[in-house]
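Biologist: I'm new to this one, and I'd like to learn how to read it. Could you walk me through it, feature by feature?

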Amino acid sequence: MVKICCIGAGYVGGPTMAVIALKCPKVEVVVVDISVPRITAWNSDTLPIYEPGLDDVVKQCRGKNLFFSTDVEKHVAEADIIFVSVNTPTKTRGLGAGKAADLTYWESAARMIADVSKSDKIVVEKSTVPVKTAEAIEKILTHNSKGINYQILSNPEFLAEGTAIQDLFHPDRVLIGGRETPGGQKAIQALKSVYAEWVPEDRIITTNLWSAELSKLAANAFLAQRISSVNAMSALCEATGADVAEVSHAIGKDSRIGPKFLNASVGFGGSCFQKDILNLVYICECNGLPEVATYWKQVIKVNDYQKTRFVNRVVASMFNTVSGKKIAVLGFAFKKDTGDTRETPAIDVCKGLLGDNARLSIYDPQVNEDQMQRDLTMNKFDWDHPIHLQPMSPTSVKQVSMVWDAYTAAKDAHGICILTEWDEFKTLDFQKIFDNMQKPAFVFDGRNIVDADKLREIGFIVYSIGKPLDPWLKDMPAVA
(Lines give C-alpha, C1' and ligand atoms only; values in the text may rest on other atoms or scores of the structure.)
Protein backbone atom coordinates (compact mmCIF):
# COMPACT_ATOMS: atom_id res chain seq x y z
CA MET A 1 0.00 0.00 0.00
CA VAL A 2 1.33 3.44 -0.95
CA LYS A 3 1.69 5.65 2.11
CA ILE A 4 1.28 9.40 1.82
CA CYS A 5 2.08 11.80 4.65
CA CYS A 6 1.26 15.52 4.54
CA ILE A 7 3.10 17.88 6.89
CA GLY A 8 0.68 20.72 7.68
CA ALA A 9 -3.03 20.41 8.44
CA GLY A 10 -4.19 23.78 7.16
CA TYR A 11 -6.36 25.09 4.31
CA VAL A 12 -4.30 23.28 1.67
CA GLY A 13 -3.13 20.09 3.37
CA GLY A 14 -6.41 19.08 5.03
CA PRO A 15 -8.83 19.28 2.07
CA THR A 16 -6.28 18.03 -0.51
CA MET A 17 -5.39 14.93 1.50
CA ALA A 18 -9.06 14.23 2.32
CA VAL A 19 -9.92 14.16 -1.39
CA ILE A 20 -6.88 12.01 -2.24
CA ALA A 21 -7.99 9.54 0.46
CA LEU A 22 -11.55 9.50 -0.92
CA LYS A 23 -10.48 9.00 -4.54
CA CYS A 24 -7.64 6.55 -3.79
CA PRO A 25 -9.00 4.01 -1.28
CA LYS A 26 -5.87 1.85 -1.70
CA VAL A 27 -3.61 4.68 -0.52
CA GLU A 28 -3.06 5.40 3.19
CA VAL A 29 -3.07 9.14 3.86
CA VAL A 30 -1.89 10.69 7.14
CA VAL A 31 -2.00 14.43 7.83
CA VAL A 32 0.43 15.50 10.55
CA ASP A 33 0.82 18.78 12.41
CA ILE A 34 2.56 19.85 15.63
CA SER A 35 -0.56 21.79 16.67
CA VAL A 36 -2.49 19.54 19.08
CA PRO A 37 -5.69 21.68 18.99
CA ARG A 38 -5.72 21.61 15.17
CA ILE A 39 -5.31 17.82 14.94
CA THR A 40 -7.89 17.35 17.71
CA ALA A 41 -10.33 19.43 15.66
CA TRP A 42 -9.65 17.37 12.51
CA ASN A 43 -10.52 14.25 14.54
CA SER A 44 -13.73 15.79 15.91
CA ASP A 45 -17.16 16.71 14.51
CA THR A 46 -16.11 20.38 14.27
CA LEU A 47 -13.32 20.68 11.70
CA PRO A 48 -10.81 23.53 12.12
CA ILE A 49 -11.71 25.08 8.76
CA TYR A 50 -15.03 25.77 7.07
CA GLU A 51 -15.25 24.60 3.48
CA PRO A 52 -18.50 23.46 1.80
CA GLY A 53 -18.47 19.67 1.29
CA LEU A 54 -15.35 19.06 3.39
CA ASP A 55 -17.22 17.50 6.33
CA ASP A 56 -18.72 14.78 4.12
CA VAL A 57 -15.40 13.86 2.53
CA VAL A 58 -13.58 13.63 5.87
CA LYS A 59 -16.34 11.57 7.48
CA GLN A 60 -16.30 9.05 4.62
CA CYS A 61 -12.55 8.37 4.94
CA ARG A 62 -11.44 9.22 8.46
CA GLY A 63 -10.35 6.11 10.36
CA LYS A 64 -10.29 4.03 7.15
CA ASN A 65 -7.47 5.36 5.00
CA LEU A 66 -7.36 8.98 6.25
CA PHE A 67 -5.74 9.79 9.59
CA PHE A 68 -4.79 12.96 11.46
CA SER A 69 -1.90 12.78 13.91
CA THR A 70 0.63 14.82 15.92
CA ASP A 71 3.18 12.00 15.70
CA VAL A 72 4.99 13.78 12.87
CA GLU A 73 8.26 11.86 12.81
CA LYS A 74 6.70 8.37 12.86
CA HIS A 75 4.46 9.03 9.85
CA VAL A 76 7.14 10.90 7.90
CA ALA A 77 9.52 7.96 8.40
CA GLU A 78 6.90 5.48 7.14
CA ALA A 79 5.72 7.47 4.09
CA ASP A 80 6.61 6.88 0.45
CA ILE A 81 5.40 10.32 -0.66
CA ILE A 82 5.63 13.34 1.67
CA PHE A 83 3.64 16.46 0.87
CA VAL A 84 4.97 19.57 2.62
CA SER A 85 2.27 22.13 3.19
CA VAL A 86 3.76 24.42 5.84
CA ASN A 87 3.53 28.19 6.23
CA THR A 88 5.66 30.35 3.95
CA PRO A 89 5.08 33.81 5.46
CA THR A 90 6.50 37.04 4.10
CA LYS A 91 9.71 38.01 5.88
CA THR A 92 9.27 40.87 8.35
CA ARG A 93 12.98 41.52 8.95
CA GLY A 94 16.37 41.01 7.39
CA LEU A 95 17.17 40.46 3.72
CA GLY A 96 14.05 40.84 1.57
CA ALA A 97 11.83 42.04 4.46
CA GLY A 98 8.30 42.84 3.30
CA LYS A 99 8.68 40.90 0.06
CA ALA A 100 10.67 37.67 0.26
CA ALA A 101 9.17 34.43 1.57
CA ASP A 102 10.40 33.20 4.94
CA LEU A 103 11.42 29.57 4.42
CA THR A 104 12.13 28.84 8.11
CA TYR A 105 9.30 26.30 8.41
CA TRP A 106 10.14 24.68 5.09
CA GLU A 107 13.77 24.29 6.04
CA SER A 108 12.97 22.78 9.45
CA ALA A 109 10.56 20.34 7.74
CA ALA A 110 13.29 19.31 5.27
CA ARG A 111 15.83 18.78 8.06
CA MET A 112 13.33 16.71 10.03
CA ILE A 113 12.62 14.54 6.94
CA ALA A 114 16.36 13.98 6.55
CA ASP A 115 16.73 13.08 10.25
CA VAL A 116 13.98 10.46 10.42
CA SER A 117 13.98 8.89 6.94
CA LYS A 118 15.20 5.31 6.59
CA SER A 119 13.92 4.70 3.03
CA ASP A 120 13.77 6.57 -0.28
CA LYS A 121 11.23 9.40 -0.38
CA ILE A 122 9.41 11.58 -2.88
CA VAL A 123 9.09 15.05 -1.29
CA VAL A 124 6.36 17.21 -2.80
CA GLU A 125 6.17 21.01 -2.43
CA LYS A 126 2.53 21.79 -1.81
CA SER A 127 2.90 25.19 -0.14
CA THR A 128 3.26 28.20 -2.38
CA VAL A 129 7.00 28.71 -2.46
CA PRO A 130 9.38 31.04 -4.29
CA VAL A 131 11.09 29.79 -7.41
CA LYS A 132 14.21 27.71 -6.65
CA THR A 133 12.92 26.53 -3.25
CA ALA A 134 13.08 22.96 -4.54
CA GLU A 135 16.79 23.43 -5.19
CA ALA A 136 17.36 24.61 -1.61
CA ILE A 137 15.34 21.71 -0.17
CA GLU A 138 17.22 19.31 -2.43
CA LYS A 139 20.55 20.56 -1.07
CA ILE A 140 19.44 20.13 2.55
CA LEU A 141 18.21 16.59 1.88
CA THR A 142 21.18 15.43 -0.20
CA HIS A 143 23.75 16.86 2.25
CA ASN A 144 22.01 14.95 5.05
CA SER A 145 20.98 11.92 3.01
CA LYS A 146 22.80 9.03 4.76
CA GLY A 147 22.57 7.14 1.47
CA ILE A 148 18.82 7.70 1.04
CA ASN A 149 17.54 8.87 -2.33
CA TYR A 150 15.19 11.89 -2.35
CA GLN A 151 13.27 13.20 -5.34
CA ILE A 152 11.79 16.69 -5.04
CA LEU A 153 8.58 17.54 -6.92
CA SER A 154 6.62 20.77 -7.16
CA ASN A 155 2.85 20.26 -7.12
CA PRO A 156 1.34 23.70 -6.48
CA GLU A 157 -2.29 23.97 -5.43
CA PHE A 158 -4.77 26.04 -7.42
CA LEU A 159 -7.70 25.85 -4.99
CA ALA A 160 -10.16 28.65 -4.49
CA GLU A 161 -11.45 28.79 -0.94
CA GLY A 162 -15.20 28.32 -0.78
CA THR A 163 -15.06 25.92 -3.75
CA ALA A 164 -11.96 23.91 -2.75
CA ILE A 165 -13.66 20.49 -2.70
CA GLN A 166 -15.19 20.95 -6.15
CA ASP A 167 -11.87 22.33 -7.40
CA LEU A 168 -10.17 19.16 -6.14
CA PHE A 169 -12.84 16.88 -7.61
CA HIS A 170 -12.76 18.62 -11.02
CA PRO A 171 -9.45 20.51 -11.37
CA ASP A 172 -8.70 22.68 -14.43
CA ARG A 173 -5.23 21.16 -14.27
CA VAL A 174 -2.87 19.35 -11.95
CA LEU A 175 0.68 20.60 -12.30
CA ILE A 176 3.66 18.40 -11.41
CA GLY A 177 7.21 19.67 -11.84
CA GLY A 178 10.29 17.52 -11.38
CA ARG A 179 13.87 16.95 -12.40
CA GLU A 180 14.57 15.93 -16.00
CA THR A 181 16.51 12.88 -14.79
CA PRO A 182 15.43 9.21 -14.78
CA GLY A 183 14.79 9.43 -11.02
CA GLY A 184 12.90 12.71 -11.39
CA GLN A 185 10.73 11.36 -14.19
CA LYS A 186 9.98 8.19 -12.21
CA ALA A 187 8.88 10.34 -9.24
CA ILE A 188 6.63 12.42 -11.50
CA GLN A 189 4.96 9.23 -12.74
CA ALA A 190 4.45 8.00 -9.17
CA LEU A 191 2.61 11.17 -8.18
CA LYS A 192 0.80 11.31 -11.52
CA SER A 193 -0.60 7.81 -10.91
CA VAL A 194 -2.20 9.04 -7.65
CA TYR A 195 -4.04 11.91 -9.37
CA ALA A 196 -4.87 9.75 -12.40
CA GLU A 197 -7.30 7.79 -10.19
CA TRP A 198 -9.83 10.57 -10.83
CA VAL A 199 -8.26 13.33 -12.94
CA PRO A 200 -8.27 12.88 -16.77
CA GLU A 201 -4.74 12.38 -18.03
CA ASP A 202 -4.84 15.40 -20.36
CA ARG A 203 -5.37 17.63 -17.31
CA ILE A 204 -2.19 16.47 -15.58
CA ILE A 205 0.61 18.73 -16.82
CA THR A 206 4.25 17.84 -16.20
CA THR A 207 7.03 20.44 -16.36
CA ASN A 208 10.48 21.09 -14.96
CA LEU A 209 10.72 22.21 -11.34
CA TRP A 210 11.17 25.90 -11.99
CA SER A 211 8.26 26.14 -14.41
CA ALA A 212 5.93 24.53 -11.87
CA GLU A 213 7.04 26.86 -9.05
CA LEU A 214 6.79 29.96 -11.22
CA SER A 215 3.42 28.93 -12.73
CA LYS A 216 1.81 29.14 -9.29
CA LEU A 217 3.10 32.66 -8.63
CA ALA A 218 2.21 33.71 -12.18
CA ALA A 219 -1.36 32.35 -11.93
CA ASN A 220 -2.07 34.28 -8.73
CA ALA A 221 -0.40 37.41 -10.06
CA PHE A 222 -2.52 37.32 -13.24
CA LEU A 223 -5.74 36.78 -11.26
CA ALA A 224 -4.94 39.60 -8.84
CA GLN A 225 -4.01 41.82 -11.78
CA ARG A 226 -7.48 41.35 -13.27
CA ILE A 227 -9.10 42.39 -10.00
CA SER A 228 -6.88 45.47 -9.69
CA SER A 229 -7.56 46.32 -13.33
CA VAL A 230 -11.34 46.31 -12.89
CA ASN A 231 -11.01 48.15 -9.56
CA ALA A 232 -8.92 50.84 -11.27
CA MET A 233 -11.75 51.11 -13.82
CA SER A 234 -14.32 51.38 -11.01
CA ALA A 235 -12.73 54.64 -9.82
CA LEU A 236 -12.93 56.02 -13.35
CA CYS A 237 -16.54 54.85 -13.67
CA GLU A 238 -17.54 56.77 -10.54
CA ALA A 239 -15.78 59.87 -11.84
CA THR A 240 -17.52 59.74 -15.23
CA GLY A 241 -20.95 58.26 -14.43
CA ALA A 242 -20.25 54.94 -16.14
CA ASP A 243 -21.38 51.67 -14.53
CA VAL A 244 -18.53 49.24 -13.87
CA ALA A 245 -20.90 46.25 -14.05
CA GLU A 246 -21.88 47.23 -17.60
CA VAL A 247 -18.25 47.84 -18.57
CA SER A 248 -17.21 44.45 -17.11
CA HIS A 249 -20.03 42.68 -18.91
CA ALA A 250 -19.09 44.31 -22.21
CA ILE A 251 -15.38 43.50 -22.05
CA GLY A 252 -16.02 40.02 -20.58
CA LYS A 253 -17.88 39.08 -23.78
CA ASP A 254 -14.55 39.26 -25.60
CA SER A 255 -13.42 35.63 -25.70
CA ARG A 256 -9.81 36.73 -25.31
CA ILE A 257 -10.66 38.39 -21.98
CA GLY A 258 -13.55 36.31 -20.60
CA PRO A 259 -15.93 37.21 -17.76
CA LYS A 260 -14.17 35.78 -14.69
CA PHE A 261 -12.50 37.91 -12.02
CA LEU A 262 -13.99 41.12 -13.39
CA ASN A 263 -16.25 42.02 -10.45
CA ALA A 264 -15.31 45.36 -8.93
CA SER A 265 -15.02 45.23 -5.15
CA VAL A 266 -13.42 46.76 -2.10
CA GLY A 267 -10.29 44.77 -2.99
CA PHE A 268 -8.80 41.29 -3.06
CA GLY A 269 -7.68 39.32 -0.01
CA GLY A 270 -6.74 35.78 0.93
CA SER A 271 -3.50 34.12 1.86
CA CYS A 272 -1.90 34.06 -1.57
CA PHE A 273 -2.43 37.00 -3.87
CA GLN A 274 -0.48 39.71 -2.07
CA LYS A 275 2.14 37.33 -0.73
CA ASP A 276 2.79 35.74 -4.11
CA ILE A 277 3.05 39.06 -5.92
CA LEU A 278 5.49 40.40 -3.30
CA ASN A 279 7.46 37.22 -3.82
CA LEU A 280 7.42 37.74 -7.58
CA VAL A 281 8.57 41.35 -7.07
CA TYR A 282 11.48 40.16 -4.93
CA ILE A 283 12.53 37.51 -7.47
CA CYS A 284 12.42 40.13 -10.26
CA GLU A 285 14.53 42.55 -8.22
CA CYS A 286 17.07 39.81 -7.38
CA ASN A 287 17.35 38.97 -11.07
CA GLY A 288 17.98 42.55 -12.16
CA LEU A 289 14.49 43.22 -13.55
CA PRO A 290 13.36 46.42 -11.78
CA GLU A 291 10.83 47.39 -14.49
CA VAL A 292 9.09 44.02 -14.18
CA ALA A 293 9.10 44.34 -10.38
CA THR A 294 7.52 47.80 -10.60
CA TYR A 295 4.80 46.49 -12.90
CA TRP A 296 3.70 43.82 -10.40
CA LYS A 297 4.04 46.19 -7.43
CA GLN A 298 1.37 48.36 -9.03
CA VAL A 299 -1.19 45.52 -8.74
CA ILE A 300 -0.86 45.67 -4.95
CA LYS A 301 -0.74 49.47 -4.96
CA VAL A 302 -4.12 49.64 -6.73
CA ASN A 303 -5.56 47.11 -4.28
CA ASP A 304 -4.46 49.25 -1.33
CA TYR A 305 -5.79 52.35 -3.09
CA GLN A 306 -9.21 50.72 -3.50
CA LYS A 307 -9.51 50.02 0.24
CA THR A 308 -8.40 53.55 1.12
CA ARG A 309 -10.82 55.00 -1.42
CA PHE A 310 -13.69 53.03 0.15
CA VAL A 311 -12.89 54.30 3.65
CA ASN A 312 -12.62 57.86 2.33
CA ARG A 313 -16.05 57.54 0.66
CA VAL A 314 -17.58 56.40 3.97
CA VAL A 315 -16.06 59.23 5.98
CA ALA A 316 -16.68 61.93 3.35
CA SER A 317 -20.33 60.89 2.88
CA MET A 318 -21.07 61.15 6.60
CA PHE A 319 -20.22 64.85 6.96
CA ASN A 320 -16.49 64.13 6.90
CA THR A 321 -16.42 62.37 10.25
CA VAL A 322 -17.40 59.00 11.67
CA SER A 323 -16.11 59.81 15.15
CA GLY A 324 -18.38 58.20 17.76
CA LYS A 325 -20.76 56.92 15.06
CA LYS A 326 -21.80 53.28 14.97
CA ILE A 327 -20.97 51.58 11.68
CA ALA A 328 -22.27 48.08 10.94
CA VAL A 329 -19.75 45.90 9.13
CA LEU A 330 -21.38 42.98 7.31
CA GLY A 331 -18.79 40.35 6.46
CA PHE A 332 -15.22 39.98 7.67
CA ALA A 333 -13.95 36.92 5.75
CA PHE A 334 -12.08 37.73 2.53
CA LYS A 335 -14.80 36.03 0.44
CA LYS A 336 -18.03 34.11 0.96
CA ASP A 337 -18.17 30.43 1.94
CA THR A 338 -14.97 30.53 3.97
CA GLY A 339 -14.01 31.59 7.47
CA ASP A 340 -10.56 32.66 6.26
CA THR A 341 -9.63 36.24 7.16
CA ARG A 342 -6.04 36.30 5.90
CA GLU A 343 -5.38 39.65 4.17
CA THR A 344 -9.14 40.30 4.03
CA PRO A 345 -9.95 43.85 2.85
CA ALA A 346 -12.15 44.13 5.96
CA ILE A 347 -9.06 44.50 8.15
CA ASP A 348 -7.83 47.64 6.40
CA VAL A 349 -11.34 49.09 6.05
CA CYS A 350 -12.05 48.55 9.76
CA LYS A 351 -8.67 49.97 10.76
CA GLY A 352 -9.32 53.00 8.56
CA LEU A 353 -12.70 53.63 10.19
CA LEU A 354 -11.27 53.05 13.67
CA GLY A 355 -8.58 55.60 12.81
CA ASP A 356 -11.41 58.14 12.58
CA ASN A 357 -12.85 56.90 15.92
CA ALA A 358 -15.84 55.00 14.55
CA ARG A 359 -17.58 52.37 16.67
CA LEU A 360 -17.84 49.11 14.74
CA SER A 361 -20.42 46.36 15.10
CA ILE A 362 -19.28 43.41 12.99
CA TYR A 363 -21.20 40.35 11.81
CA ASP A 364 -19.81 37.44 9.81
CA PRO A 365 -21.47 34.00 9.81
CA GLN A 366 -18.12 32.12 9.94
CA VAL A 367 -15.64 34.35 11.79
CA ASN A 368 -15.49 34.46 15.57
CA GLU A 369 -14.69 37.44 17.79
CA ASP A 370 -11.27 36.20 18.85
CA GLN A 371 -10.19 35.98 15.20
CA MET A 372 -11.51 39.48 14.42
CA GLN A 373 -9.75 41.03 17.42
CA ARG A 374 -6.57 39.14 16.54
CA ASP A 375 -6.68 40.43 12.94
CA LEU A 376 -7.30 44.04 14.00
CA THR A 377 -4.39 44.09 16.47
CA MET A 378 -1.76 41.89 14.79
CA ASN A 379 1.19 43.27 12.88
CA LYS A 380 1.13 42.80 9.11
CA PHE A 381 2.26 39.31 8.01
CA ASP A 382 2.09 37.87 11.57
CA TRP A 383 -1.06 35.97 10.53
CA ASP A 384 0.96 33.64 8.35
CA HIS A 385 3.00 32.11 11.16
CA PRO A 386 1.72 28.93 12.84
CA ILE A 387 -0.93 29.74 15.44
CA HIS A 388 1.30 28.81 18.38
CA LEU A 389 3.82 31.46 17.30
CA GLN A 390 1.21 34.21 16.98
CA PRO A 391 0.43 36.62 19.86
CA MET A 392 -1.59 34.53 22.34
CA SER A 393 -4.07 37.03 23.70
CA PRO A 394 -4.24 40.10 21.51
CA THR A 395 -5.32 43.30 23.18
CA SER A 396 -8.95 43.84 22.25
CA VAL A 397 -10.11 46.92 20.38
CA LYS A 398 -12.70 48.56 22.62
CA GLN A 399 -14.55 50.28 19.77
CA VAL A 400 -15.28 46.91 18.13
CA SER A 401 -18.11 44.56 19.06
CA MET A 402 -19.03 41.33 17.32
CA VAL A 403 -22.68 40.34 16.98
CA TRP A 404 -24.46 37.26 15.66
CA ASP A 405 -26.83 38.69 13.07
CA ALA A 406 -27.00 41.55 10.59
CA TYR A 407 -30.03 43.20 12.22
CA THR A 408 -28.29 43.58 15.58
CA ALA A 409 -25.22 44.97 13.82
CA ALA A 410 -27.30 47.59 12.01
CA LYS A 411 -29.50 48.65 14.98
CA ASP A 412 -28.90 52.36 15.73
CA ALA A 413 -26.06 52.43 13.19
CA HIS A 414 -25.41 55.47 10.99
CA GLY A 415 -24.08 53.37 8.13
CA ILE A 416 -23.59 49.80 6.87
CA CYS A 417 -20.47 48.56 5.09
CA ILE A 418 -20.90 45.31 3.15
CA LEU A 419 -17.42 43.78 2.89
CA THR A 420 -18.09 40.09 2.11
CA GLU A 421 -20.54 38.80 -0.52
CA TRP A 422 -22.34 36.28 1.73
CA ASP A 423 -25.59 35.19 0.04
CA GLU A 424 -27.65 36.00 3.14
CA PHE A 425 -26.81 39.71 2.77
CA LYS A 426 -28.70 39.78 -0.56
CA THR A 427 -31.98 38.78 1.09
CA LEU A 428 -31.97 40.95 4.22
CA ASP A 429 -35.11 42.88 5.13
CA PHE A 430 -33.67 46.31 4.42
CA GLN A 431 -36.90 48.09 5.33
CA LYS A 432 -36.61 46.63 8.85
CA ILE A 433 -32.94 47.62 8.95
CA PHE A 434 -33.69 51.16 7.76
CA ASP A 435 -36.41 51.64 10.40
CA ASN A 436 -33.92 50.85 13.18
CA MET A 437 -31.01 52.99 11.95
CA GLN A 438 -29.99 56.59 12.60
CA LYS A 439 -30.94 58.98 9.79
CA PRO A 440 -29.70 59.72 7.23
CA ALA A 441 -28.99 56.00 6.81
CA PHE A 442 -26.12 54.95 4.57
CA VAL A 443 -25.22 51.69 2.79
CA PHE A 444 -21.71 51.32 1.41
CA ASP A 445 -21.72 48.21 -0.77
CA GLY A 446 -18.15 46.98 -1.18
CA ARG A 447 -19.25 43.93 -3.17
CA ASN A 448 -22.06 45.29 -5.38
CA ILE A 449 -24.59 42.72 -4.15
CA VAL A 450 -27.58 44.89 -3.18
CA ASP A 451 -30.19 46.47 -5.43
CA ALA A 452 -29.19 50.10 -4.99
CA ASP A 453 -32.39 51.49 -6.57
CA LYS A 454 -34.62 49.51 -4.19
CA LEU A 455 -32.59 50.68 -1.22
CA ARG A 456 -32.86 54.30 -2.37
CA GLU A 457 -36.65 53.88 -2.59
CA ILE A 458 -36.64 52.78 1.07
CA GLY A 459 -34.69 55.94 1.95
CA PHE A 460 -31.05 54.83 2.09
CA ILE A 461 -28.16 56.84 0.69
CA VAL A 462 -26.24 54.19 -1.26
CA TYR A 463 -22.66 53.95 -2.46
CA SER A 464 -21.88 51.03 -4.79
CA ILE A 465 -18.33 50.64 -6.05
CA GLY A 466 -17.94 51.74 -9.67
CA LYS A 467 -21.63 52.69 -10.07
CA PRO A 468 -23.05 56.14 -10.90
CA LEU A 469 -22.93 58.14 -7.67
CA ASP A 470 -25.93 58.85 -5.46
CA PRO A 471 -26.77 62.58 -5.77
CA TRP A 472 -25.87 62.94 -2.08
CA LEU A 473 -22.33 61.74 -2.72
CA LYS A 474 -21.75 64.13 -5.59
CA ASP A 475 -22.04 67.05 -3.19
CA MET A 476 -19.57 65.63 -0.69
CA PRO A 477 -15.87 66.56 -0.62
CA ALA A 478 -13.61 65.10 -3.28
CA VAL A 479 -12.26 61.70 -2.37
CA ALA A 480 -8.54 60.95 -2.37
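Modeller: Happy to, and keep in mind that this is a predicted model. Let's start with a charge and a ring: the charged end of lysine 23 sits over the ring of phenylalanine 169, 4.5 Å from the ring's centre.

Biologist: Which residue lies over the face of phenylalanine 158?

Modeller: That one is arginine 173, at 3.6 Å from the ring centre.

Biologist: Let's step back to the whole chain. How many helices and strands are there in the protein?

Modeller: The protein has 18 helices and 14 strands. Along the principal axes, its C-alpha atoms fill a box of roughly 75 × 50 × 45 Å.

Biologist: How do I read the radius of gyration of the protein?

Modeller: Set it against what a compact globule would give. For 480 residues that would be near 23 Å, and the protein has 24 Å, so the two agree.

Biologist: And what share of the residues is buried?

Modeller: Buried means under 20% relative accessible area. Of the 480 residues, 55% count as buried. As for the outside, the protein exposes about 20700 Å², with carbon and sulfur atoms supplying 53% of that.

Biologist: What do the contacts say about residues that sit apart in sequence?

Modeller: Take the contacts between residues at least 6 apart in sequence: 76% of them join residues at least 24 apart.

Biologist: Now a single helix. Which residues of helix 3 are buried?

Modeller: Helix 3 covers residues 54-61, and Leu54, Val57, Val58 and Cys61 are buried there. Look down the axis and you'll see that they cover an arc of only 95°, which puts them on the same side of helix 3.

Biologist: What covers the buried residues of helix 3?

Modeller: The cover includes helix 1 (13-23), helix 2 (36-42), strand 3 (66-69) and helix 7 (164-169). Also look at what follows helix 3: glycine 63 has a positive phi, near 90°.

Biologist: On to the aromatic rings. How many aromatic pairs are there?

Modeller: Rings count as a pair if their centres lie within 6.5 Å. That rule gives 13 aromatic pairs. In one of them, the rings of phenylalanine 261 and phenylalanine 273 have centres 6.4 Å apart and planes at 50°, so this pair is tilted.

Biologist: Where in the chain are phenylalanine 261 and phenylalanine 273?

Modeller: They are 12 residues apart, and the pair links distant parts of the chain. Phenylalanine 261 is in the loop between helix 10 (244-252) and helix 11 (273-286), while phenylalanine 273 is in helix 11. Phenylalanine 261 is partly exposed, at 36% relative accessible area, whereas phenylalanine 273 counts as buried at 13%.

Biologist: What would an edge-to-face pair look like?

Modeller: Try phenylalanine 319 and tryptophan 472: they are 5.6 Å centre to centre, with 75° between the planes. Phenylalanine 319 is in the loop between helix 12 (290-317) and strand 9 (326-330), and tryptophan 472 is in helix 18 (residues 471-474), 153 residues apart. Tryptophan 472 is partly exposed, at 26% relative accessibility. Ring pairs also link Phe319, Phe442, Phe444 and Trp472 into a cluster.

Biologist: Let's finish with one residue. Where does threonine 408 lie?

Modeller: Threonine 408 is in helix 15 (residues 406-410), and with 38% relative accessibility it counts as partly exposed. Leaving aside its neighbours within four places in sequence, threonine 408 touches Lys326, Ser361 and Val403. Its C-alpha atom is 49 Å from that of valine 76, 332 residues away along the chain.

Terms used: Residues numbered from 1 in each chain as written. Predicted model: local features only at pLDDT ≥ 70, side-chain atom pairs only at ≥ 80, totals over all residues. Heavy atoms only, no water. Buried < 20%, exposed > 50% of the residue type's maximum accessible area, 1.4 Å probe, protein only. Helix = DSSP H or I, 4+ residues; strand = E, 2+ residues; numbered from the N terminus. Arc of directions from axis to C-beta. Contact = heavy atoms within 4.5 Å. Phe/Tyr/Trp six-rings, centres within 6.5 Å; stacked < 30°, edge-to-face > 60°. Lys NZ or Arg CZ within 6 Å of the ring centre and 35° of its normal. Rg over C-alpha atoms; globule rule 2.2 N^0.38 Å. Areas by Shrake-Rupley, 256 points an atom, 1.4 Å probe, with all protein chains shown as cover.
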